[in-house]
Amino acid sequence: MNKKLGIPSALLYYIYYPFWQAFFNEIGVQVVTSSSTTKNILDKGVREALADACVPIKLFFGHVMDLKNKCDYLFIPRVVCLNGKTIYCPKFLGLPDMIRHSLDGIPPIIDVRIDARQGRLSKFKAYLEIGSYFGAGHNIVLKAYYKAWITLRRYNRLLRKGLNPLDAMEHIKNPNDKELILPAKSNLKFAVLGYPYAIYDSFISVNLLGKLKKMGVSVLTAENINPLTLALQKNCGLPKRLFWTFSDAALKAAHYLFRHGRVDAVLHLTAFGCGPDSILNKFIELEAKQYRDIPFMTLMIDEHTGEAGMATRLEAFVDMVRRRKEACPCRN
Amino acid sequence: MPKLTFPRMGESWRTFKMLLEDLGNEVVVPPRPSKRTLDLGVRYSPEFACFPLKILMGTYLETVEMGADTIVTSGGVGPCRAGEYAMLHHKILKDLGHDIKMIVFEPPRLQPLNFIKNVRALNKNRTSIRGIIAHIKRAWRKLQALDNAEKLSHVVRPREITRGTTSKMYRRVLGWIDQAYTTEQIIEAETTALKALREIPQDPDREILKVGIVGEIYVLLEPASNLEMEETLGNLGVEVERSMFLTGWTRDNTWTETTEMMSVKEAAAPYLPELVGGHGRDSIGNTILCAKRGFDGMIQIAPFTCIPEIVARTILPRVSRDYDIPVLTFFLDEQTGKAGMSTRLEAFTDLMRRKKRLQKRHFTLTG
């Protein structure tokens, strides 16, 4: 079987790509991804997508444009809910429709709906449906699903060790290639909150993580924290939880980090015009107000974000936090 | 005694005021959103929060100044941001030092206990359950009367001979309905109101365009937030049919999904089979239904950064092409100016009128 399945390397790619890759390889489908983000891809996305959409969505459009001539099918699942509690941003729910109805000349889209709230086996059933597109039977899908699940567990374990998703994916691909390089410990530790697809895409985040690393700051993200610890935060003192999975995780991470004071500063990376973030950011800001010994800064990115502006703000912030820490070393 | 207030949405405040007073509460009527409301709202809300959140923030701050200490509002279960509004408003108000109580109504079918608890908290007169039901029924009738009067004003306005008569009459009529208390009075007021609106001198030969309005509910229902778009369109000779009224929405969201909703859902299914929250799917479904009914155009209005409407807006150009119906979208925020909007509306109306005339000539030539 020589069908090529395209998976755009944006949005959920950073969280589920290892799972999808393992699954599709097992049922005998070749997976192609779009190349990592470039100026060209972003420009294509900006041209095709609606001006009012947020950068990550525009970027997704760009990645689809990059892929459309390289594959026979596009894999854009309609991910509604995966943990039975929180859902994804409405733009994720309408993603396959947005792509289908606004881009021309794209290969057929596999848009299976995945909603864990519809019974225990609903996730597996969704993958059975995906398998049926490629003529894979029950047994093959079951085996592939199991293998994919094991891979995802390994991947998540690597993330929790502090690895960046791209490095972790590389490590899973060739496990014996080289020793695992864990991030070095340094005396400054920042939490970077925000959505994985913005933080880890080094083009769109203007290499935020790389810049921090160069300045001698080690970074903690919501993915590096054990999900159990996050779940223990309950609703962070609010009457309801946030509806959206990533926002919920980020708020819980903020709540946990502020309360336990395990970091020297908290950064929130948000995209211009991001709907859930407008609410999340205010909650984190109000939370930060109660913990005055941990500085907090919001960084906003969009398709015009400049390298220099970002670098200046980061340098100033890091210097300030460092000086503060040196001035009162006994605090920690 | 606690002083209650609630979000303002068009003319519906008249009903809510009556209902809450019937239950024995003291009510602070939220003022019509003004420049000052917006300034207050924008100052204390997150920058990228949607427009309704900012207006409501400003309204709450104004009503707090007027002495309100309890806010009655609605909740929700997502995925639209509106479900988190109450929580965020409460936190911001607390942060500003206002000790406000919030009574948040969640969908009663999902959380019946919350509903009963809230109704008990509001029932200051200790009215019996039967009494409460009677009050709600009467309030519902009033809401329907208000909606009917508004619907009729949209039909009459483009046909009026002297510009401005309908708006003047509509404002007077609202007062009549407002003063009615018993069900009989409400029905009587409604009949007189509709009659008075119908009797406005009209020009039957005028060429009238028919336009449907879809979009996010708050900016649809609150004329102050959409810069009186319906009135502007009416004055341009356009009959407006709004896809959403509070009576229809409440029915759909609290109890059952009505047959009308089902057909909207079915119409939207080929384009957007998923509920994306807010009214994204309704916007698409209603556009298709209106196109099938032979409307001349559609206008979508949504707050800036509204997520469901962005999804809908991305798909609408395809719908517009498939059904050959022009669609114009407005994303509204505190920067939107009335002059700019009027210009766009005028241009849109001219294009629609031209299209209609061309089609008519085509028919007479071929048929």
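In this predicted model, the centres of domain 2 and domain 3 of chain B, taken over C-alpha atoms, are separated by 23 Å. These two belong to a three-way split of chain B into domain 1 (3-127), domain 2 (131-206) and domain 3 (207-367). Where domains 2 and 3 of chain B meet, 11 residues of domain 2 are in contact with 14 residues of domain 3. On the domain 2 side, helix α6 (residues 129-156) of chain B chips in the largest share, five residues. That side of domain 2 of chain B, sorted by class, comes out as three nonpolar, three polar and five charged residues.

Chain A is carved up in another way, into domain 1 (4-173) and domain 2 (188-331). Their C-alpha centres sit 26 Å apart, and the contact draws 25 residues from domain 1 of chain A and 25 residues from domain 2 of chain A. Several helices of chain A, namely α1, α2 (39-48), α3 (55-67), α7 (138-160) and α8 (165-173), each put at least two residues into the side of domain 1 that touches domain 2. The top contributor to that side is α3(A), with four residues. Its make-up by class is 16 nonpolar, six polar and three charged residues.

Then there is the contact between the chains, which takes 30 residues from chain B and 29 residues from chain A. On the chain B side, the elements giving two or more residues are α4 (85-95) and α14 of chain B. Nine residues, the largest share of this side, come from α14(B). Overall, the side of chain B that touches chain A holds 17 nonpolar, six polar and seven charged residues.

Helix α14(B) turns up again in the strand pairing of chain B. Strand β7 (residues 297-303) of chain B runs parallel to β8(B), and six bridges join the two. To get from β7(B) to β8(B), the chain passes through helix α14 (residues 307-323) of chain B, making a right-handed β-α-β crossover. As for individual residues, B:Gln300 has B:Thr329 in β8(B) as its bridge partner. Strand β8 (residues 327-332) of chain B is mostly covered, with five of its six residues buried.

Over in chain A, four strands form an open sheet in the order β2-β1-β3-β5, with parallel pairing. The edges are taken by β2 (30-33) and β5 (109-110) of chain A; each has a single partner strand, so one side of each is left without a neighbour in the sheet. Strand β1 (residues 4-7) of chain A pairs with β2(A) in the parallel sense over four bridges, and A:Lys4 has A:Gln30 in β2(A) as its bridge partner. The route from β1(A) to β2(A) goes through α1(A), and this β-α-β crossover is right-handed. At the other edge, two bridges join strand β3 (residues 73-75) of chain A to β5(A), again in parallel, with A:Leu74 opposite A:Ile109 in β5(A).

Next, the nonpolar cores. In soluble globular proteins, nonpolar side chains tend to be buried together. In this model, the largest nonpolar core has 188 residues, and A:Phe23 and A:Leu193 have the most contacts inside it. The largest share of this core, nine residues, is supplied by helix α1 (residues 13-26) of chain A. Leaving aside residues up to four places away in sequence, A:Leu193 touches A:Ala222, A:Ala250, A:Ala253, A:Ala254, A:Val266, A:Leu267, A:His268 and A:Ile284. Apart from the largest core lies another, of five residues, including A:Tyr155, A:Leu158, A:Leu159 and A:Ala168.

Finally, a couple of backbone angles deserve a look. A:Asn207, a residue other than glycine, has a positive phi, near 55 degrees. A:Asn207 is in the loop between α9 (196-199) and α10 (208-214) of chain A. With 16 C-beta neighbours inside 10 Å, A:Asn207 counts as partly exposed. In chain B, phi of B:Leu227 is also positive and near 55 degrees, again in a residue other than glycine. B:Leu227 is likewise a loop residue, between α9 (217-221) and α10 (229-235) of chain B. B:Leu227 has 19 C-beta neighbours inside 10 Å and therefore counts as partly exposed, since a buried residue needs 20 or more.

Definitions and conventions. Residues are numbered from 1 along each chain as its sequence is written. Chains are lettered from A and ligands numbered from 1 in the order in which they are written. This is a predicted model: local features need pLDDT of at least 70, side-chain atom pairs count only at pLDDT 80 or more; totals for chains, interfaces and linings use all residues. A residue is buried if 20 or more other C-beta atoms lie within 10 Å of its own, exposed if 12 or fewer, and partly exposed in between; C-beta atoms are placed from the backbone. Two strands pair if DSSP finds at least two bridges between them. A crossover is right-handed if, with the strands pointing away from the viewer, the path from the first strand over the helix to the second runs clockwise. A nonpolar core is a set of buried Ala, Val, Leu, Ile, Met, Phe, Trp, Tyr and Cys residues joined through C-beta atoms within 7 Å. Two residues are in contact if their C-beta atoms, placed from the backbone, lie within 7 Å. Domain bounds come from an automatic or database domain assignment. Ala, Val, Leu, Ile, Met, Phe, Trp, Tyr, Cys and Pro count as nonpolar, Asp, Glu, Lys and Arg as charged, and the others, Gly among them, as polar.
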